[in-house]
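Colleague: I have not looked at this one before. Can you put it up and take me through a few places in it?

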Amino acid sequence: MGIVGRKLLIGCILFLIVQSGSSCQLQQVPQEDKAVVPPLNTVVFVGFRPGLSPSQSPGLVRSAISGAVFSAQPVSESITEGLSSLLFEKLTRDSRLNWVSPGEAAAAFSELASSNPTWTDRDIYVQIGKALSAEAVLGGHVYRWREREGTDYAASRPASVAFDLYLMSAGDGMIWWKARFDKSQISLSENLLDLKTFIKAKGRWMTADELAEIGLAEFVETFPKGEKE
């Protein structure tokens, strides 16, 4: 390709990036409700749970909380626990809220789920909030966690992750805020509008942990900064 051709190609890329505007971000950032969150004192952090257990088969899964559909694969509890711990650390850093830890919430969840097998996750979240004297409950699911196959600069299969998160009223289960991250890394040449991920990856093929970190950072950034009553 000659000099003129290269200049035209660069010009086209820049034009697409400028014209795409916010649509460039919609491919990787969570989309959250704009509901007004009342003043909060205590939030129960249930954290993430597997959308599909290791014994289940891959397929389309509908969120038991919002009804959103994900392309899902079995996820181990070690993955969800690690992701929950990382998000909890990020959310509680310099937070003015009182947080109930994932460990305490998990014990309450197991007890309620085993004694009420017909309850949905949303039903259980509400009861956990009431039992632990909280105004809100924060929890979600991990639907896909596929590791990269290959190296930083030569991947035969890219990483792919999908998870969601919901802040719900402990009074009636109303969703006050929600966020979703569903992304498989692809090369810049395959999607010129996905420049943001390319820059964050510094031109590398990211691991599942690194890809998920983008989603968690966006979750924390958009999470309601509720003040205590």
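Modeller: What follows is a short talk through a helix pair, two loop residues and one arginine, in a model that is predicted.

Colleague: Start with helix 3 and helix 4. At what angle do they pack, and how far apart are the axes?

Modeller: The angle is about 125°, and the axes are 10 Å apart.

Colleague: What do you call that arrangement of helix 3 and helix 4?

Modeller: Oblique. An angle over 145 degrees would count as roughly antiparallel, and 65 to 115 as roughly perpendicular, so 125° is in neither class. The crossing of helix 3 and helix 4 is right-handed.

Colleague: Which residues meet there?

Modeller: From helix 3, Ala105, Ala108, Phe109, Leu112 and Ala113; from helix 4, Asp121, Ile124, Tyr125, Gln127 and Ile128. By type, the residues of this contact are eight nonpolar, one polar and one charged.

Colleague: Which residues of helix 4 are buried?

Modeller: Helix 4 covers residues 121-131, and its buried residues are Asp121, Ile124, Tyr125, Val126, Ile128 and Gly129.

Colleague: Why would residues a few places apart in a helix point the same way?

Modeller: An α-helix has 3.6 residues a turn, so residues three or four places apart share a direction.

Colleague: And what do the buried residues of helix 4 pack against?

Modeller: Strand 1 (42-50), helix 3 (102-115), strand 5 and strand 8 (160-169).

Colleague: What comes after helix 4?

Modeller: Ser133 follows helix 4, in the loop that leads to strand 5. Ser133 has a positive phi of about 55°, although it is not a glycine.

Colleague: What sign does phi usually have?

Modeller: Most residues other than glycine have a negative phi.

Colleague: Where else is there a positive one, and is that residue buried or exposed?

Modeller: Asp94 has a phi near 60°. Asp94 sits in the loop between helix 2 (77-92) and strand 4 (98-100). Asp94 is exposed, because its relative accessible area of 75% is over 50%. Ser133 also counts as exposed, at 59%.

Colleague: Changing topic. Where is Arg144, and is it buried or exposed?

Modeller: Arg144 is in strand 5, residues 136-146. Arg144 is buried: its relative accessible area is 6%, and the cut-off is under 20%.

Colleague: What does its side chain pair with?

Modeller: The side chain of Arg144 makes a polar contact of 2.5 Å with that of Asp182.

Colleague: What else does Arg144 touch?

Modeller: Leaving out residues up to four places away in sequence, Arg144 touches Ser71, Gln73, Val75, Ser160, Val161, Ala162, Lys183 and Ser184, as well as Asp182.

How values were computed. Residues are numbered from 1 along each chain as its sequence is written. This is a predicted model: local features need pLDDT of at least 70, side-chain atom pairs count only at pLDDT 80 or more; totals for chains, interfaces and linings use all residues. Side-chain values use heavy atoms; hydrogens and water are left out. Helices (H or I, at least four residues) and strands (E, at least two) are DSSP runs, numbered from the N terminus. Buried means under 20% relative accessible area, exposed over 50%, partly exposed in between (1.4 Å probe, protein chains only). A polar contact is a pair of N or O atoms within 3.5 Å; within protein, one must be able to donate a hydrogen and the other to accept it, and residues adjacent in sequence count only if both atoms are side-chain atoms. Contact means heavy atoms within 4.5 Å. Axes are lines fitted to C-alpha atoms, for helices over the stretch in contact, and angles run from 0 to 180 degrees between N-to-C directions. Angles under 35 degrees count as roughly parallel, over 145 as roughly antiparallel, 65 to 115 as roughly perpendicular and the rest as oblique. A crossing is left-handed if the near helix is turned anticlockwise from the far one by less than a right angle, and right-handed if clockwise. Ala, Val, Leu, Ile, Met, Phe, Trp, Tyr, Cys and Pro count as nonpolar, Asp, Glu, Lys and Arg as charged, and the others, Gly among them, as polar.
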